[in-house]
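Here is a short tour to read alongside the model. Keep the 3D view open and follow along from one section to the next.

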Amino acid sequence: MEDTILIVEDNPTLREGLCEILEFEGFNTLTAGHGQEALDVMEKQLPSLILADISMPVMDGFEFFGRVREREDWLRIPFIFLSARSDKPDILKGKQLGAEDYLVKPVDHDELITAVRSRMERNEQLAIAQLRDAYQGSLLMLANAIELRDRYTRGHVERVTMYSLAIAEELGWDNERLEIIRFGGILHDVGKIHVRETTLRKTGSLDDAEWAEIRQHPQIGADMIATVPYLKPMEGIVRYHHERFDGKGYPYGIGGQDIPIEARIVAIADSFDAITSNRTYRPKLTFDQAYEEILRCAGDRYDPEMVEAFKQTYLKTGLLNLPPLS
Ligand SMILES: [Fe+2]
Ligand SMILES: [Fe+2]
């Protein structure tokens, strides 16, 4: 769908001129001669961006801006003020009100198109970022709810995600790959939803049946998220986070490069958090002891290259004071 721009300008010549430029560039346009008329237009059709003059009869640009921002469903529409060159104080006021941008009349073709395009782009990025935050919030809530069933692991999911992110950043990964780590970390133990609480909370040693139950959680979790297209890229982390580099892990027993690299990272972060947390079967280790332990297991439990990245991260940050997830 083409983007529609609402032009609010009382001068018909200027209004037509703006329309022409925008339509030439492939935008649809709506027009109004003042704020009130623009509000009426918006009731019928929602524009993707508003371009509004400041001084106009009936309702001026500032009042119009205020009315637009009052409405929750109109709140996110990008708004650009048009002002005469002499209106310096007006420009200032427009900015204080929170308008995204202003253009000085007479508006130059390129300037207009650049401003409109960059505003729209920015708005799109914002919408994506908000959506992503909403996803993250919901998934974190789910993960934390599952975690609550297990009394030893409070905060585990978030710490594992932060450690994994720190390692991936050390490897110089781009945002897209970091996102896979982020969501994969949050979801890695989601399959524990199917492990009975009596098993999760058991204080004594587990019997064979209970171990078998625990060992299923990577597969169950991966199958759960594999059906959600948005989460599909994180499937490898969930499915293989308990595999070992030497092939002696569970549940598949695959090793080396067959384990997705993201899972090889999360495996280290997961172990690091497990051994620095209290468990019934053993007391927790200090961070430095856990660090030594991870290094000692390079090549058998963990991918030596990922251990090297972990080592560099640990030496730089101590895995403390990492940026929080939200
Ligand atoms: Fe796990
Ligand atoms: Fe875990």
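## Helix H1 and its surroundings

In H1, the buried residues include Arg15, Leu18, Cys19, Ile21 and Leu22. They occupy an arc of only 165° around the axis, which places them on the same side of H1; the arc is taken from the directions from the helix axis to the C-beta atoms. Thr13, Glu20 and Phe24 are exposed on the other side of H1. Here buried means under 20% relative accessible area, exposed over 50%, and partly exposed in between, with a 1.4 Å probe and protein chains only. The buried residues of H1 pack against strands E1 (4-8), E2 (28-32), E3 (49-53) and E4 (79-84), and against H5. Contact means heavy atoms within 4.5 Å, while helices (H or I, at least four residues) and strands (E, at least two) are DSSP runs numbered from the N terminus.

The 13 residues of helix H1 (residues 12-24) should span 18 Å at 1.5 Å a residue, and the end C-alpha atoms are 18 Å apart, which agrees. That expected span is 1.5 Å times one less than the number of residues. At the N-terminal end of H1, Asn11 acts as a cap, with a side-chain oxygen 2.9 Å from the backbone nitrogen of Thr13. Just after H1, Gly26 has a positive phi of about 95°.

## How the model was read

This is a predicted model, in which local features need pLDDT of at least 70 and side-chain atom pairs count only at pLDDT 80 or more, while totals for chains, interfaces and linings use all residues. Residues are numbered from 1 along each chain as its sequence is written, chains are lettered from A and ligands numbered from 1 in the order in which they are written, and side-chain values use heavy atoms, leaving out hydrogens and water.

## Two buried polar residues

Asp53 lies in strand E3 and is buried, at a relative accessible area of 4%. Its side chain makes a polar contact of 2.9 Å with that of Lys105. Such a contact is a pair of N or O atoms within 3.5 Å; within protein, one must be able to donate a hydrogen and the other to accept it, and residues adjacent in sequence count only if both atoms are side-chain atoms.

Gln136 belongs to helix H5 (residues 109-147) and is buried too, with a relative accessible area of 3%. Beyond four places in sequence, Gln136 touches Arg182, Phe183, Ile186, Leu325 and Ser326.

## The two iron ions

Which residues coordinate the iron ion (ligand 1)? They are Asp189 (OD), His217 (NE2), His241 (NE2) and His242 (NE2), at 2.1 to 2.3 Å. Donors are N, O and S atoms within 2.8 Å of the metal (3.2 Å for Na, K and Ca), and water is not among the atoms, so sites may look incomplete. Asp189 is buried at 9% relative accessibility, and His217 is buried at 2%.

The iron ion (ligand 2) is coordinated by His156 (NE2), His188 (NE2), Asp189 (OD) and Asp270 (OD), at 2.2 to 2.4 Å. Asp189 bridges the two iron ions, which lie 3.5 Å apart. His188 sits in the loop between helix H7 (175-187) and helix H8 (197-200) and Asp270 in helix H12 (residues 261-275), so this pair ties together parts 82 residues apart in sequence. Both His188 and Asp270 are buried.
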